Amino acid sequence: MSAKTWMISLAVLALAGCGQTEPVEPVDDGGNEAPASNVADLVIWGGSIYTAVDDQPMVQAVAVRGNRIAFVGDDAAAQAWIGEETRLVDLNGGAMYPGFTDSHIHVYNVGQRERTLNLDDVTSVAQLVSRVEAAIAETPAGETLAGRGWIETHWPEGRFPTRQDLDPVSPDNPVILRRADGHALIANSAALDAVGITRDSVAPSGGEILFDEAGEPTGLLVDTAMGAMSSLVEAPSPEVVRETYAEGAERLVSLGWTGAHDMSVPWSIVPIIEDLAISGELPLRSYLSVGPEGYAPLAAGGHRDVASGRVITRAVKLYMDGALGSRGAALLEPYADRPETSGLAIAEADETIGLFTDALRQGIQMNVHAIGDRGNRYLLDWVEEARAQVPEEEWALADPRWRDEHSQIVDPADIPRFAELGVIASFQPSHAIGDLHFAPDRLGDDRLVGAYAWQSLLDAGAHLTGGSDAPVEQGDPRIEFYAAVARADLSGFQGENWHAEEALSREDALKLFTAWPAYASFREDDLGTIAVGMRADFTVFSADIMTIPEAEILTVEPWMTVVDGEVVYENADAFHRGE
């Protein structure tokens, strides 16, 4: 603690300080006991504090009572909020921001990544095979080995893995390894045989089975074709789901995330997540977007809100197409590096438009995966058609705030339509700094105009919100913020024709993970900024990511994560303790 603490005795004089905020009434929200006087539970000062509020972007001190912000202003005025039980946090060189929220993530899968064969760091087909061989040695005979995280774009072999790679080290155990993006998997022969995939198999609509020159399946299954493998993986028990989700949430708050917009959540596990929150075991604020099977029960029962907003369910996630890396993203023209295909369209027009029209009347937010320029065109066209079919007086919400999840490859002609149709562009900056190594080959240079076009969308008036899509990516707020402002990979490489002008300013990047996710989840009056009356959600890093050199953003340490006024994570070395 700094020498500033001697000023506590001067508290009675503090209200004369400039920048003071009027005292607020005691807050009793979500089970917090309302204090009887102007005494804060927590006062934070001693470093850069960014508010994401345009007319007061920085303050010196913040005071918290219960789960709300009671004061923002200068150090002198903050003294009035200090009592004997107040915890004082001197940032001591660190910096604080509104709580960072990941607007597109899969919390359960983040936890699952820690419990299955993690292939994130595999650098070749040979290493992949070696990892499988080692894991099989620990796997009971006949049991399926599942893993995730491989991505072949940097591998020296320059190709996807095949079943022939896996069969020698696992002739009997089925092996199923998902690509990092979750839109393709490689299976060995034992797995293919177990589900009956042969040279005569036909992929379902929206999927693809890859075959070799001899007409035999290679083991690579794309998008809906992967569904055949689900029978080989035992469904987790409710206890395992609960433990895995909690583990994912703990991982995220340790990185500095205070909130997550959790995508494609199975309806069956919503009560498990809610129970975690009700029992006080969920450190993360979760905004759930359920899978298509959850549409009917959500429409029938209405929005769900438990534990004073710790878990809210009011959205449904759909898919328009696949992913660019596995060539499942639906393109308007064929892939430059595989001209026999233009990707996979997963959604059907009549069914999707019908769902959209009902969602307008029911007040359900629709969050729709769209990566290719054809996938994005279809989404915008179908939103426009649904809006035309339902008179505005029949809309449950004047501002439905539907979202285009990923918004990766957009025809420039479609960029203004996001604002015109009120569609939020929800994107993940890390996709751009990973995809830059293969997207030019997939698309060709001409289609890089409109690819990951963040600034163009913003300039055209679109609302933006940012996330990570973990476990597709690492799920690290430092990487996402860096990618948004640097638009270069982690080594600083950007490449030709990667349109550096599409990077965001640091001020906008901050809002991308704070104020704008709050808007994208209908909570801008409650979250996303540091202002009196707002929820006390904060992210504290060891240095000021708004001013340090871009490369150093990746090296800051998460020091403290605060949700609803509660410290849910604190680094043992935070605030230079022990130095």
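Which residues have the most contacts inside the largest nonpolar core? Select Leu324, Phe356, Met366 and Phe481: these are the ones, in a core of 108 residues. Keep in mind as you click around that this is a predicted model.

**Stop 1: Leu324 and the cores**

Start with Leu324 and show what surrounds it. Beyond its neighbours within four places in sequence, Leu324 is in contact with Ala329, Tyr335, Ile371, Ile409, Asp435, Phe438, Ala439, Arg442, Leu443 and Tyr452. Apart from the core of Leu324 lies another one, with 23 residues. To find that other core, select Val125, Leu177, Ile186 and Leu220, which are among its members.

**Stop 2: helices H9 and H10**

Next, colour residues 349–362, which form helix H9, and residues 373–389, which form helix H10. Two packed helices are described by the angle between their axes and the distance between the axes. Here the angle is about 50° and the axes are 9 Å apart. H9 and H10 are therefore oblique to each other, and H9 passes H10 in a right-handed crossing.

Now turn on side chains for the contact. On the H9 side, pick Ala349, Thr352, Ile353, Phe356, Thr357, Leu360 and Arg361. They meet Leu379, Trp382, Val383, Glu385, Ala386, Arg387 and Gln389 of H10. By class, the residues of this contact between H9 and H10 divide into 8 nonpolar, 3 polar and 3 charged. Phe356 may look familiar: this H9 residue is also one of those with the most contacts inside the largest nonpolar core.

**Stop 3: helices H6 and H7**

For another helix pair, select H6 (residues 238–255) and H7 (residues 270–278). Their axes come within 10 Å and cross at roughly 60°, which makes H6 oblique to H7. The crossing of H6 and H7 is right-handed. From H6, the contact takes in Pro238, Val241, Arg242, Tyr245 and Ala246, while H7 contributes Ile272, Ile273, Asp275 and Leu276. The contact of H6 with H7 has 7 nonpolar and 2 charged residues, with no polar ones.

**Stop 4: helix H15 and the loop before it**

Is helix H15 mostly covered or exposed? Select residues 477–486 and switch on a surface: H15 is mostly covered, with 10 of its 10 residues buried. The buried residues include Arg478 and Glu480, alongside Phe481 and Tyr482. Just after H15 comes Arg487, whose phi is positive, near 50°.

Step back along the chain to Pro471, in the loop between strand S20 (464–466) and H15. Check the backbone there: the peptide bond from Ala470 to Pro471 is cis, with omega near 10°.

**Stop 5: Phe513**

Phe513 sits in the loop between helix H16 (506–512) and H17. At 0% relative accessibility, Phe513 counts as buried. Leaving out neighbours within four places in sequence, its contacts are Gly99, Phe100, Thr101, Trp257, Pro429, Gly466, Gly467, Glu480 and Phe481. Glu480 and Phe481 take you back to H15. Try a distance label too: Phe513 and Leu464 are 49 residues apart in sequence, with 9.6 Å between their C-alpha atoms.

**Stop 6: Arg523**

Move on to Arg523, in the loop between helix H17 (515–520) and strand S21 (538–541). Is Arg523 buried or exposed? Its relative accessible area is 10%, so Arg523 is buried. Not counting residues up to four places away in sequence, Arg523 touches Arg285, Gly309, Ile312, Ala518 and Arg535.

**Stop 7: positive phi values**

Select Asn92 and His406 together. Asn92 lies in the loop between strand S4 (87–90) and strand S5 (95–98), and its phi is near 50°, a positive value in a residue other than glycine. At 38% relative accessibility, Asn92 counts as partly exposed. His406 belongs to strand S18 (residues 403–406) and has a positive phi near 105°. With a relative accessible area of 3%, His406 is buried.

**Last stop: Gln56**

Finish at Gln56, in the loop between strand S1 (42–50) and strand S2 (58–65). Gln56 is partly exposed, with a relative accessible area of 31%. Leaving aside neighbours within four places in sequence, Gln56 is in contact with Thr51 and Val72. Draw one more C-alpha distance, to Thr529: Gln56 and Thr529 are 473 residues apart in sequence and 11 Å apart in space.

Methods. Residues numbered from 1 in each chain as written. Predicted model: local features only at pLDDT ≥ 70, side-chain atom pairs only at ≥ 80, totals over all residues. Heavy atoms only, no water. Core = buried A, V, L, I, M, F, W, Y, C linked by side-chain atoms within 4.5 Å. Buried < 20%, exposed > 50% of the residue type's maximum accessible area, 1.4 Å probe, protein only. Contact = heavy atoms within 4.5 Å. Axes fitted to C-alpha atoms, helices over the stretch in contact; angles between N-to-C directions. Helix = DSSP H or I, 4+ residues; strand = E, 2+ residues; numbered from the N terminus. Parallel < 35°, antiparallel > 145°, perpendicular 65-115°, else oblique. Left-handed = near helix turned anticlockwise from the far one by under 90°. Nonpolar A, V, L, I, M, F, W, Y, C, P; charged D, E, K, R; others polar.
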